[in-house]
Amino acid sequence: MDNRNTKVMNRFDVTSRLIGKLRHEEAIIGGIGNTNFDLWAAGHRPQNFYMLGSMGLAFPIALGVALAQPDRRVFALEGDGSLLMQLGVLSTIATLKPKNLIMIVMDNGIYQITGAQPTPAASVADIVAIAAGSGLAKSAWAADEEDFERLVEVAMSAAEPSLIAVRIDDKPGVGATRRDPVQIRERFMQGLGVRDQL
Ligand SMILES: Cc1ncc(C[n+]2csc(CCOP(=O)(O)OP(=O)(O)O)c2C)c(N)n1
């Protein structure tokens, strides 16, 4: 579906709706900046990993987690600008086909956190068309909040990786992730059951 038919939603609201759907200690990887600020604010949990500093790494990190723990659903949240820096990951994921991986793109059409410069997604690049062209057949724009929740439910029992793109407004992230990379890593590894409690 073309993104012109999609409602402009809010990242914190959409992230909160995602958290509300979780039942099985699913992992969530938040991308740089606003996606992980809103993940932190929507519901900090040990199965959340917060990418600090580098654009485009939420999906590659989530791919690794999905391959390492195939029985756990793994979500990844990324901004449109960050994904556009790292498009090769889409065809890599399409090739490896981790059925437990669900990618969510928060498309505000801007590099918001560095001053709202427009990204190519604001004019020429359609994220879902790029994903489909990279081999991810289960890629869709969410038409509105209810459609987003429906797409998440479908993706949670899908037999192949899924990508959901959401058109969002330019409201800043709600929270502020605590910048302690060692703690973030250790809590995440405990949350995934691969580290003993300290
Ligand atoms: C590799 C790299 N290049 C540039 C930056 C500077 N930078 C940090 S966030 C950001 C914009 C991110 O845009 P987007 O992913 O669309 O998220 P938004 O800020 O819109 O939520 C930029 C340019 C960076 N951190 N890493």
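Around the ligand stand 16 residues, each with a heavy atom within 4 Å of it. The closest are Gly-53, Gly-81, Ser-82, Ile-110 and Gln-112. The model is predicted: local features need pLDDT of at least 70, side-chain atom pairs count only at pLDDT 80 or more, and totals for chains, interfaces and linings use all residues. Residues are numbered from 1 along each chain as its sequence is written, and side-chain values use heavy atoms, with hydrogens and water left out.

The shell divides into 6 nonpolar, 8 polar and 2 charged residues. Here Ala, Val, Leu, Ile, Met, Phe, Trp, Tyr, Cys and Pro count as nonpolar, Asp, Glu, Lys and Arg as charged, and the others, Gly among them, as polar.

Helix H4 (80-84) and strand E5 (110-111) each supply at least two shell residues. H4 gives the largest share, 3 residues. Helices (H or I, at least four residues) and strands (E, at least two) are DSSP runs, numbered from the N terminus. The chain has 8 helices and 8 strands.

Now the ligand's oxygen atoms. An oxygen atom of the ligand lies 2.6 Å from an N or O atom in the Ser-82 side chain. For the Asn-108 side chain, the distance from a ligand oxygen to an N or O atom is 3.0 Å. At Gln-112 a polar backbone atom is 2.9 Å from a ligand oxygen. Taken alone, the ligand exposes 590 Å² (Shrake-Rupley, 1.4 Å probe). The protein buries 75% of that.

Finally, the whole chain. Its C-alpha atoms fill a box of roughly 50 × 35 × 30 Å along the principal axes.

How values were computed:
Polar contact = N/O pair within 3.5 Å; in protein donor to acceptor, adjacent residues only side chain to side chain.
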